[in-house]
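Subject: Handing over the structure, with notes

Dear colleague,

Please find below the structure I promised to pass on to you. My notes follow it, with each term explained where it is first used.

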Amino acid sequence: EPDATLQLRIVAELDDDRLSKKRLISSLEIDIAALLAQTPYLLLVAIPGLNVVSAAEFAAEAGPISLYANPSCITGRAGLFPSRYQSDSVDVRGAMVRCANRRLRAALLMIADNLLLVNHYFRGLAALWKQRGTDPRLAHVRVAKRFSRLAFAIVAGRQIVPHPCCREPHTILDKLIAFHLEHRATPEQIRTTLAAAAEQLPPAARERERHALENRKTKFRRARRPQVQKIGDILTEVYGYARSRKVI
């Protein structure tokens, strides 16, 4: 095409912009993980279906857990309840209230999305509600409310509570390491975040976390160990490949 050179230049510049923003987002998420590791909200990462970013977003919008008297205060501040109109004998429930902290509501509903997609317990509940003909929007809010109660118990109690949704809780430090490796964090950033995270771990979970780190270290050493193979086996494979390609 006559303008192919111009189009190629535009595409290249847009791709450079995309890669630049991707690097910026990755750097900001590493900083978010470092801040999350300094708070008890880090324990929420043990729930299957919760990642570092969603837990950090919920922590940022909820604030100190000591400001809430009970879990209902969290959902009440997020406006996770229907509006209501009453007059004489009229009692009508409508959509969710407008006067609410919409960012906290968005964080809770985003977490509900993740739990419905990944967590087996909440997926089972959603399937049961679907059989009963429950409105999907109501099921979505129910999951967000159940999570808020669970989050209050975990963060306020600074412990991983035995709940059906986390019968086999994820290892927090192992999840943090995987997150940092995916985002290509520096070794210093990983060490600093893990040191802060270790201070937030309850005593009951430290032994399990230690075993998980030992397993990761063993797998890493095995992956780096060179594979020893006899020269005869290599030549046999090369000869067979050459014969199949009719090279010899």
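Which residues in α4 meet which residues in α5? L115, L116, L117 and V118 of α4 meet H120, F122, R123 and A126 of α5, where a contact means heavy atoms within 4.5 Å. The names α4 and α5 refer to helices, which are DSSP runs of H or I with at least four residues, whereas strands are runs of E with at least two, and both are numbered from the N terminus.

Before going on, please keep in mind that this is a predicted model, in which local features need pLDDT of at least 70 and side-chain atom pairs count only at pLDDT 80 or more, while totals for chains, interfaces and linings use all residues. Residues are numbered from 1 along each chain as its sequence is written, and side-chain values use heavy atoms, with hydrogens and water left out.

**Overall layout**

The protein has 10 helices and 2 strands, and along the sequence they follow the pattern α-α-α-β-β-α-α-α-α-α-α-α. Of its 248 residues, 33% count as buried, a word that stands for under 20% relative accessible area, with exposed meaning over 50% and partly exposed in between (1.4 Å probe, protein chains only). Among the contacts with a separation of 6 or more, 65% are accounted for by residues 24 or more positions apart.

**The nonpolar core**

A nonpolar core is a set of buried Ala, Val, Leu, Ile, Met, Phe, Trp, Tyr and Cys residues joined through side-chain atoms within 4.5 Å. The largest one here has 52 residues, of which L36, Y41, L44, F58, L108 and F147 touch the most other members. Two or more residues are given to this core by each of α1 (4-36), α2 (52-62), α3 (71-78), α4 (102-118), α5 (120-131), α6 (136-157) and α7 (172-182), and the largest share, 10 residues, comes from α6. If residues up to four places away in sequence are not counted, L44 touches L50, A55, F58, F147, A151, I154 and V155.

**The first helix**

For α1, the expected span is 1.5 Å times one less than its number of residues, so its 33 residues should span 48 Å, and the 47 Å between its end C-alpha atoms agrees with this. The buried residues of α1 are S26, E29, I30, A33 and L36, and what covers them includes α2, α7 and α8 (187-200).

**How the helices pack**

The angles below run from 0 to 180 degrees between N-to-C directions, and the axes are lines fitted to C-alpha atoms, for helices over the stretch in contact. Angles under 35 degrees count as roughly parallel, over 145 as roughly antiparallel, 65 to 115 as roughly perpendicular and the rest as oblique.

The axes of α4 and α5 come within 6 Å and cross at roughly 90°, and these two helices are therefore roughly perpendicular to each other. The axes of α3 and α4 come within 7 Å and cross at roughly 115°, which makes α3 roughly perpendicular to α4; here I74, R77 and A78 in α3 meet L104, R105 and L108 in α4. By contrast, α3 and α6 pack at an angle of about 135°, with their axes 8 Å apart, and are therefore oblique to each other. Their contact is made by P71, I74 and T75 of α3 and K145, S148, R149 and F152 of α6.

**A few single residues**

L116, which lies in helix α4, counts as partly exposed at 23% relative accessibility. Leaving aside residues up to four places away in sequence, L116 touches F122, R123, A126, H140 and V143; the last of these, V143, is 27 residues from L116 in sequence, and their C-alpha atoms are 7.9 Å apart in space.

In the loop between α6 and α7 you will find T171, which counts as buried at 17% relative accessibility. Again not counting residues up to four places away, T171 touches R208, E209 and A212.

Two residues that are not glycine have a positive phi: for R158 the value is near 50°, and for R184 it is about 55°. R158 is placed in the loop between α6 and α7 and is partly exposed, with a relative accessible area of 47%, whereas R184 is placed in the loop between α7 and α8 and is exposed, at 77%.

With best wishes
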